[in-house]
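Please read these notes with the structure open beside you. The points go through charged contacts, pockets, surface residues and backbone angles.

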Amino acid sequence: MDITFKKKKDDLVCEVVAKSTDFEHGIEDFKAEIENCSHDQKFITVSPECVRCNLCAEECPVNAIEDAKLTKPAKIKDNCVKCEICAQTCPVNSIKVIESTSDLDEDVTYNLKSVKVPHRTLRMEKIDVNPDKCTSCSNCTKFCPTNAITVKEGEKAVIDKDICIGCGSCANVCGEDAITLKRKLGNVINSQKLHVDEDICVYCGVCEENCTMDAIKLEDNKLIFSEDKCIKCEVCSKKCPVGALKLERLSNER
């Protein structure tokens with residue numbers, strides 16, 4: 001997906017004025033002046049195709065995903081650090097990573113680009129339905145992405161283990177805990193790399209203060225970076241005041 005659209009600069013000014021409601025004497029005489037600029041941002045969203053498996057919430061390293069329920073999909077929360085682990089984990093590609101660029105000149109030009117994210121392997125190892133607990137409500141069949149589970153009228157749920165992918169949507173929406181699942185989830189794939197330029201680092205400590213995984217430490221005016229702890233989010237690179245940290249997307253993504 002690659003989408004470009006424009007907005008008149010005057011319309012943007014009007015929106016800024018309309019949102020400026022906290023002036024002591026009103027906004028009748030307020031005039032907004034917006035300078036030309038460019039702004040890059042990344043969004044992660046959950047599409048309606050969410051199968052309610054909650055793998056994304058389980059694997060999120062910063063608890064930034066609200067669990068999916070039978071009646072609603074998973075939701076990305078405000079404390080998301082854009083590490084993309086959820087998108088790699090989603091078995092049905094319902095989590096989208098979108099890079100946005102906004103350029104302000106005579107008009108405002110927005111460009112949205114969908115990022116291709118590699119996916120972790122997911123395998124079902126064992127899945128069973130407890131007939132004593134199953135109430136034949138059929139909730140388990142509503143979100144199965146491969147139609148591997150069926151409930152015939154008056155009978156218990158039956159799972160076709162040859163086509164089950166082990167996502168766990170059926171187990172998650174079962175209100176009676178009648179489904180047990182054992183699955184194998186592959187490792188997170190390194191699709192990005194954090195570059196540290198110590199030649200321009202000023203050892204201010206901003207990266208250490210904001211790292212959610214304790215992957216960066218400052219010791220004796222030396223920056224210690226733990227590759228194994230880093231989740232390749234964008235927090236430190238966005239907050240570094242001198243640009244000593246840069247997150248780069250690798251070209252061999254799958």
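**Notes on the predicted model**

1. A network of salt bridges links K42, E84, E99 and R249. The model is a predicted one, and every value below is computed from it. In the whole model, the count of salt bridges comes to ten.

2. One pair within this network is E99 and R249, whose side chains meet in a salt bridge with an N to O distance of 3.6 Å. E99 belongs to strand 5 (residues 95-104) and R249 to strand 14, so the pair links distant parts of the chain, 150 residues apart. E99 is partly exposed, because its relative accessible area is 32% and the partly exposed class runs from 20% to 50%. R249 also counts as partly exposed, at 22% relative accessibility.

3. Where do the two ends of the salt bridge between R120 and E59 lie? The closest N and O atoms of R120 and E59 are 3.2 Å apart. R120 is in the loop between strand 6 (107-114) and strand 7 (122-129), while E59 is in helix 2 (residues 55-59), so the salt bridge ties together parts that are 61 residues apart in sequence. R120 has a relative accessible area of 11%; buried means under 20%, so R120 is placed in that class. E59, at 29% relative accessibility, counts as partly exposed.

4. A salt bridge also joins the side chains of D128 and K161, at 3.2 Å from N to O. D128 sits in strand 7, and K161 sits in the loop between strand 9 (158-159) and helix 4 (169-173), so this pair ties together parts that are 33 residues apart in sequence. Both ends count as partly exposed: D128 has a relative accessibility of 29%, and K161 has one of 44%.

5. The largest pocket has a volume of about 270 Å³. Its lining is made up of D40, Q41, K42, E99, Q192, E234, S237, K238, L247, E248 and R249. Two or more of these residues come from each of strand 2 (37-46), helix 6 (235-239) and strand 14 (245-249). K42, E99 and R249 are among the lining residues, and they also belong to the salt-bridge network of point 1.

6. Which classes of residue line the largest pocket? Seven of the lining residues are charged, three are polar and one is nonpolar. Please compare this with the lining of the second largest pocket, where six residues are nonpolar, four are polar and three are charged.

7. The second largest pocket has a volume of about 160 Å³. It is lined by 13 residues, and those nearest its centre are V188, N190, C230, I231 and K232.

8. On the surface, I200, V202 and V242 form a nonpolar patch. Together these residues have about 220 Å² of accessible area. I200 lies in the loop between strand 11 (192-196) and helix 5 (206-210). I200 is classed as partly exposed because its relative accessibility is 36%, which falls between the limits of 20% and 50%. The C-alpha atom of I200 is separated by 9.5 Å from that of L245, and the two residues are 45 residues apart along the chain.

9. L70 is found in the loop between strand 3 (65-66) and strand 4 (75-76). With a relative accessible area of 33%, L70 is partly exposed. L70 and C140 are 70 residues apart along the chain, and their C-alpha atoms are separated by 9.5 Å.

10. Two backbone angles should be checked in the view. Phi of N63 is near 55°, a positive value in a residue other than glycine. N63 lies in the loop between helix 2 and strand 3. N63 counts as exposed because its relative accessibility is 57%, and the exposed class begins over 50%.

11. What is the value of phi at D177? Phi of D177 is near 55°, which is positive although the residue is not glycine. D177 is located in the loop between helix 4 and strand 10 (179-185). D177 has a relative accessibility of 55% and so counts as exposed.

Notes
Residues are numbered from 1 along each chain as its sequence is written. This is a predicted model: local features need pLDDT of at least 70, side-chain atom pairs count only at pLDDT 80 or more; totals for chains, interfaces and linings use all residues. Side-chain values use heavy atoms; hydrogens and water are left out. On a 1 Å grid over the protein atoms alone, a cavity is a set of points where a 1.4 Å probe fits but cannot get out, and a pocket is an open set with protein on both sides within 12 Å along at least five of seven lines; lining residues have an atom within 4 Å of a point. Grid points are joined across faces, edges and corners, and a volume is the space filled by probe spheres set on the points. Helices (H or I, at least four residues) and strands (E, at least two) are DSSP runs, numbered from the N terminus. Ala, Val, Leu, Ile, Met, Phe, Trp, Tyr, Cys and Pro count as nonpolar, Asp, Glu, Lys and Arg as charged, and the others, Gly among them, as polar. Patches are made of residues with over 30% relative accessible area and no salt bridge: like charges are joined within 9 Å, nonpolar side chains (Val, Leu, Ile, Met, Phe, Trp, Tyr) within 5 Å. Accessible areas come from the Shrake-Rupley method with a 1.4 Å probe; for residues, only the protein chains shown count as cover. A salt bridge is a side-chain nitrogen of Lys or Arg within 4 Å of a carboxyl oxygen of Asp or Glu. Buried means under 20% relative accessible area, exposed over 50%, partly exposed in between (1.4 Å probe, protein chains only).
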